[in-house]
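This briefing looks at a few helices and one loop residue, and at what surrounds each of them. Please read it alongside the sequence and the coordinates shown here.

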Amino acid sequence: MVEHSFKMADAHLHLDLYPAAARTAMLEQAWAAGVEAVIAVSMDLASCKINRELALRHPGRILPAYGYHPEQAAPDDDALAALLAWIRERAAAGEQFAIGEVGLPYYRRSSALAAGVRLAMGPYIRLLESFVVLAAELQRPIALHAVYDDAATVCDLLETHGVQTAHFHWFKGPAAVVSRMIASGYYISVTPDVAYEPEIQALVAKYPLELMMAETDGPWPFEGPYEGVTTTPAMTADVTGHIARIKRIDAATAAYRIRANTRSFYGI
């Protein structure tokens, strides 16, 4: 971990997936380390409710994002209707939130294919479209899980429904889609694997700094210098340091721009 004196924001964190007993201490350590805010993304309705309660306990520090993570079985119609209704209730109450994490099940589909099973994509595309439509309706930023072959499909849906405030977290994808995303003004966020993954380093070199954020996707564990280290929001300092090195700018400049991007995109 690097020593620094600049402020940070974690643009994508699964706060509710940390042990409940450890959350408060972890957040206090993050605030003390210079993390100003985190975006707490959700897995399902139960996850949304936990993140909402955590945001209420830390006003101005935690922005919840409500959605349904695609790397799991798609919800049935009743469950989806209940989730969408609950999100609309939060909007009607004037609460601040984003939409996320939503997207397409690239890794679930890949695992199924490896096992000789073809995952039906129709339910997942319809699920994602319901959240893209909701983001447009409520005029909220959307946090997306969309990598490799799925990214072009997601771009199509965003364009169809006129959603421009889109954030592709931990993005990986082909050059043509990267160029398309840049032209559309879509944001990406970079995780600690920028320290050791050439694919991510190449993406950082190409993507404009003004469309970039830093994230940890905690509690997801990382490799390389982070082997065996618990993932926390303070690791965004390392992310910004590596971005600065790749972009050949000083760390303070990179940190200021990345923090400003996150605050502007999510309105925090």
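**Helix H9, its partner H8, and two further sites**

In this predicted model, the axes of helices H8 and H9 come within 9 Å and cross at roughly 65°, and H8 passes H9 in a right-handed crossing. The points below take up that contact, then H9 itself, then a threonine in the loop between E7 and H8, and finally helix H5.

**The contact of H8 with H9**
- On the H8 side the contact is made by Gln201, Val204, Ala205 and Lys206, which meet Ile243, Arg245, Ile246 and Lys247 of H9.
- By residue class, this contact of H8 with H9 comprises four nonpolar, one polar and three charged residues.

**Helix H9**
- H9 runs over residues 236–247, and its twelve residues reach 16 Å from first to last C-alpha, close to the 16 Å expected at 1.5 Å a residue.
- The helix is mostly covered, with nine of its twelve residues buried; these are Thr236, Ala237, Asp238, Val239, Thr240, His242, Ile243, Ala244 and Ile246.
- The cover over the buried residues of H9 includes strands E1 (8–13), E2 (35–41), E7 (187–190) and E8 (212–214), together with helices H8 (198–206) and H10 (251–266).
- Arginine 248 follows H9 and has a positive phi, near 60°.

**Threonine 191**
- Threonine 191, in the loop between E7 and H8, counts as buried because its relative accessible area is 0%, whereas the cut-off for burial is under 20%.
- Its side chain makes a polar contact, at 2.6 Å, with the side chain of aspartate 193.
- Leaving aside residues up to four places away in sequence, threonine 191 touches Trp170, Glu215, Phe222 and Val239, and Val239 is also one of the buried residues of H9.

**Helix H5**
- H5 covers residues 122–138, and its 17 residues should span 24 Å at 1.5 Å a residue, so the 24 Å between its end C-alpha atoms agrees with that expectation.
- The residues buried in H5 are Tyr124, Leu127, Leu128, Ser130, Phe131, Val132, Leu134, Ala135 and Leu138.
- These buried residues of H5 pack against helices H3 (77–92), H4 (106–114) and H6 (150–160), and against strands E4 (98–103) and E5 (142–145).
- Glutamine 139 follows H5, and its phi is positive, near 55°.

Terms used
Residues numbered from 1 in each chain as written. Predicted model: local features only at pLDDT ≥ 70, side-chain atom pairs only at ≥ 80, totals over all residues. Heavy atoms only, no water. Helix = DSSP H or I, 4+ residues; strand = E, 2+ residues; numbered from the N terminus. Expected span 1.5 Å × (residues − 1). Buried < 20%, exposed > 50% of the residue type's maximum accessible area, 1.4 Å probe, protein only. Contact = heavy atoms within 4.5 Å. Axes fitted to C-alpha atoms, helices over the stretch in contact; angles between N-to-C directions. Left-handed = near helix turned anticlockwise from the far one by under 90°. Nonpolar A, V, L, I, M, F, W, Y, C, P; charged D, E, K, R; others polar. Polar contact = N/O pair within 3.5 Å; in protein donor to acceptor, adjacent residues only side chain to side chain.
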